[in-house]
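Visitor: I should like to understand how the terms used for charged side chains are justified. Could you take me through the reasoning step by step?

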Amino acid sequence: MGEAQSLFAQLRQSAQPEIVDAIERLVRDAPDRKLCRVNALAFAASETLGEEQVVNAFLHASRLGIFDLSWNVLCPGCGGVLDANTSLRTVQSDEYSCALCAAGYEPTLDEMVEVTFTVSPRVRRIAAHNPHELPPLEYFRQIYWSSGVDLPEEDFGAKVDEFILECLELPPGEKAVISLQLPADFVIIFEPVTHAAQFLDIKGEPTKERQSLSLVFDRAHRHSEPLELRPGPVRISVENHTEVRTLPSVCIANEALHGLLGRRRPFLTAKRLLSNQTFRDIYRTDTIEVDQRLKITSLTFLFTDLRGSTELYERVGDLAAFDLVKTHFSILNDIVGAEAGAVVKTIGDAVMATFPTPDRAVVAAMRMREAMRKLNQERGSDDLLLKIGIHEGPCIAVSLNERQDYFGQTVNIASRVQHLATSREIFATGSVLGDPRAFSLLTDRGLNPMSQKVTLRGIAHEISIFAIP
């Protein structure tokens, strides 16, 4: 841990000491499996630490080389990892398919891409650094299932035994035979390395005659068409045509399997990370390829602008006005970061920021307005009058001018809503106030937003705008 101690000393310069202490204990004392694809949100909950601060600490730790980031494309059905990437740049924008669920999905950054942290081998070598040497049960636990599947800690093996009939390790180029009794149930032969699955619908009169089935694992063919067999003996011939070990497993699709996979917990999504200021600061140019287009089903945009900034420069002079505007940017950046958001860019005196949920944007907007009021009060003038607009909806994450940005009608609407605002006003659309958390935080404060219907340039239909008092 000599080098590790030096790295943790550096980490203490950019992350909260109590969080660094907790991460250092994790790296030093935890069993190997706890250091593979760490769920930062689950870690924060187990240590009763703030989520944003923990995520920031893991990001700084990754920058130092203590952890390696993984961007994992997930199946929303079973929670399996369909594709693991060291960078968001290699996440495909077209369809992924899950053989286990027999379904295809177009990836979105909301809940289909998780970000996890695996300890670097330079800090501590763990078994998962050689995944094809893991025991089959641990391969499923550490490599196949996502960090959002809340697998049991103590009796994992016993739980798995309730639905797995047989599991074997098949070296590259090898053949094997699985002989067993088929129950009158729906059976799945699943191979987690190649993501191949064969469904067996076992029904009808039991038979004593041995039935036969042959499967080849080669990464190209996914056995998804169901086959009908009868309860009784079966001989399953399997061949591994890949360059790595495979793990053919015969499972019953019973309540035990569904119960295990139905236990879910929050995880760090790609959407949330892209709206994290620390991430944007550290990985400014290493997020999305120029030609990549990644969908987000729901992101909240907040636009601000200073009213009368041209007159401000005329009134107080360029130097004083520049210092004031710079102070305003600093305050807004701090508030955005504190509310789990990120500043995407500044345009003149305007700010474009994103938040993972509408409630965080609404809180940030009210904090911004109050911060500007206090700053003006301290100066004895009303030079800094902030206009704010908020809108939520789908968008596309893109790369523009060597910077991660967003594109789509949601962005356009958010910008135009801000233009409607006059001094010190916060305008939010109906989609923002339709969020239960955003609505309840306003009612809890006794605020009653006033609504109006407006027509925005380039938008075919009227939309509802709410002025937050």
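Guide: A salt bridge is a side-chain nitrogen of Lys or Arg within 4 Å of a carboxyl oxygen of Asp or Glu. The model shown is predicted, and a search of the whole structure finds 22 salt bridges.

Visitor: Why is the pair K34 and E153 called a salt bridge?

Guide: The closest N and O atoms of K34 and E153 are 3.2 Å apart; the cut-off is within 4 Å, so the pair counts as a salt bridge. K34 lies in the loop between α2 and α3, and E153 in the loop between α5 and α6, 119 residues apart.

Visitor: What makes K34 partly exposed?

Guide: Its relative accessible area is 35%. Partly exposed covers values between under 20%, which is buried, and over 50%, which is exposed, so K34 belongs to the middle class. E153, at 36%, is partly exposed by that rule.

Visitor: Why are E339 and R367 described as a salt bridge?

Guide: Their side chains meet at 2.9 Å, N to O, and this satisfies the limit of 4 Å, so the term applies. E339 is in the loop between α11 and β15, whereas R367 is in helix α12, 28 residues apart.

Visitor: How do you know whether E339 is buried or exposed?

Guide: E339 has a relative accessibility of 10%; buried means under 20%, so E339 is buried. R367, with 37%, is partly exposed.

Visitor: Which residues are joined into one network?

Guide: R12, D21 and E24 are joined by salt bridges that share partners.

Definitions and conventions. Residues are numbered from 1 along each chain as its sequence is written. This is a predicted model: local features need pLDDT of at least 70, side-chain atom pairs count only at pLDDT 80 or more; totals for chains, interfaces and linings use all residues. Side-chain values use heavy atoms; hydrogens and water are left out. Helices (H or I, at least four residues) and strands (E, at least two) are DSSP runs, numbered from the N terminus. Buried means under 20% relative accessible area, exposed over 50%, partly exposed in between (1.4 Å probe, protein chains only).
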